[in-house]
Amino acid sequence: MIGGGQGAFIGAVHRIAARIDGEYELVCGAFSSNAEKSKASGVLLGLPEDRVYSSYTELIEKEKQLPENERVQVISIVTPNHVHFDPSKAALENGFHVVLDKPMTFSLAEAKELEEVVKSSGKLFCLTHTYTGYPMVKEAKQLIKAGKLGTIRKVYVEYPQGWLSSFLEGDDNKQASWRTDPGKSGIAGAMGDIGTHAFNLAEYVTGLHVTKICADINVVVPGRKLDDDGAALLKFDNGASGVLTATQIAAGEENNVKIRVYGEKGGLEWHQSDANSLTLMYTDKPMEVWRTGGGYTSSFAQHNTRTPAGHPEGYLEAFGNLYRNFALTVKAGLEGREATPEELDYPGIEEGVRGMAFIENVIASGKSDKKWTEFTI
């Protein structure tokens, strides 16, 4: 692991997710840009001192020198956005598979370059868009792919949070400080941090690509340097329209991710607050509630379900599904076999590039006086 030391939030989530299925063992790390803090974090995690490094460059160089049966195979990178590209590039070019936290890079230019690195390296790459890991999100995707709703016409996706309703970055809050800092987060705040999740969810579930965008981007809290609120009208490549909202100033909201998709035959709805349920709506019969663990669900939903029906599976398990599917894909390569479609169902480099394109397009649209702007990559 690179990043994720003491005081970090997402590093601990990644470690839990990786351990859920017993597919990974944490064997080394460079947990902080501060060498002492990295060492202290490694001790707390029970790693031997000679496998805890003072920098990601040292980690990659020394691990590469170890015998193949001892060196690390997958490197998980959980640093702030501005420290995504360089360690990812170095890891891939030196023969390591990579799991990277989102958004993929600091800029779209970096994302495009990393895409070329992934292709030329021959190594595998996973981007942790968590919400695609939920069984009923996967079920929604499969139902739409099978034509259950007919041609898709309308998409609503939203991600409201309230934790940045006040100027937390002024109180030395580590998470708020880097996420609202243009030098560390990039050109977007809320749209980069959670808007990318909403965008990815809309494209993943529908199988469609956004082609045009019309955005309203706001900085609500005085003194803040990056957007903390926004909305966008979307046009998809099949002619469907959509609405995306992402805000971090909706006081009282937690992580209330929702998606609704409507086609010519009916619609579906999924909320993270009731993640085990998927609601289907029709024009000619009562609505249905499909549940995680039901024998009627697709192989994709069942592959990502661990417990009997009625036992809640949530954020950590969804995160774990990304790690497990990636591990199974790595194993398939080691065993000389083709990974199954279910194993390959995790976000990768294409989703990462489109996510960075979303950030640049939504911010540009928010500054433009045009009603619609083309979604360009």
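**Notebook: rings, a covered helix and one annotated span**

I began with F375, which counts as buried at 11% relative accessibility. The cut-off I needed is that buried means under 20% relative accessible area. I noted early that this is a predicted model.

**Entry 1: the partner of F375**

Which ring pairs with F375? I found F199, with the two ring centres 5.6 Å apart. The planes stand at 15°, so I logged the pair as stacked. I then looked up where each ring sits. F199 is in helix α9, residues 190-206. F375 is in the segment after β12, and β12 is residues 373-374. The pair ties together parts that are 176 residues apart in sequence. I checked F199 for burial too. F199 has a relative accessible area of 3%, so F199 is buried.

**Entry 2: more aromatic rings**

How many aromatic pairs does the structure hold? I wrote down twelve. One of them joins Y131 and Y134. Their centres are 6.5 Å apart, with 10° between the planes, and the pair is stacked. Are these two rings buried or exposed? Y131 counts as buried at 5% relative accessibility. Y134 counts as buried as well, at 2%.

I followed these two tyrosines further. Y131 and Y134 belong to one aromatic cluster. Its other members are Y24, Y159, W270, Y315, F319 and Y323.

**Entry 3: helix α6**

Next I looked at helix α6, residues 135-145. How many of its eleven residues are buried? I noted ten, so I called this helix mostly covered. The buried residues include P135, M136, V137, A140, L143 and I144. Charged names are on the list too, among them K138, E139 and K141. Q142 is also there. After the helix comes G147. Its phi is positive, near 85°.

**Entry 4: charges over rings**

I returned to K141, one of the buried residues of α6. Where does its charged end sit? The charged end of K141 is over the ring of Y204, 4.6 Å from the ring centre. I found such an arrangement at R260 as well. The charged end of R260 sits over the ring of Y156, 4.5 Å from its centre.

**Entry 5: the annotated span**

Last, I looked up the UniProt record, an unreviewed entry. Its annotation reads "domain: GFO/IDH/MocA-like oxidoreductase" and covers residues 138-269. I checked the ends of that span. The C-alpha atoms of the end residues lie 13 Å apart. How much of the span is helix, and how much is strand? I noted 27% helix and 33% strand.

How values were computed: Residues are numbered from 1 along each chain as its sequence is written. This is a predicted model: local features need pLDDT of at least 70, side-chain atom pairs count only at pLDDT 80 or more; totals for chains, interfaces and linings use all residues. Side-chain values use heavy atoms; hydrogens and water are left out. UniProt positions are given in the numbering used here, feature names are shortened, and annotations may be inferred rather than shown by experiment. Helices (H or I, at least four residues) and strands (E, at least two) are DSSP runs, numbered from the N terminus. Rings of Phe, Tyr and Trp (its six-membered ring) pair if their centres lie within 6.5 Å; planes under 30 degrees apart count as stacked, over 60 as edge-to-face and the rest as tilted. Buried means under 20% relative accessible area, exposed over 50%, partly exposed in between (1.4 Å probe, protein chains only). A charge sits over a ring if NZ of Lys or CZ of Arg is within 6 Å of the ring centre and within 35 degrees of the ring normal.
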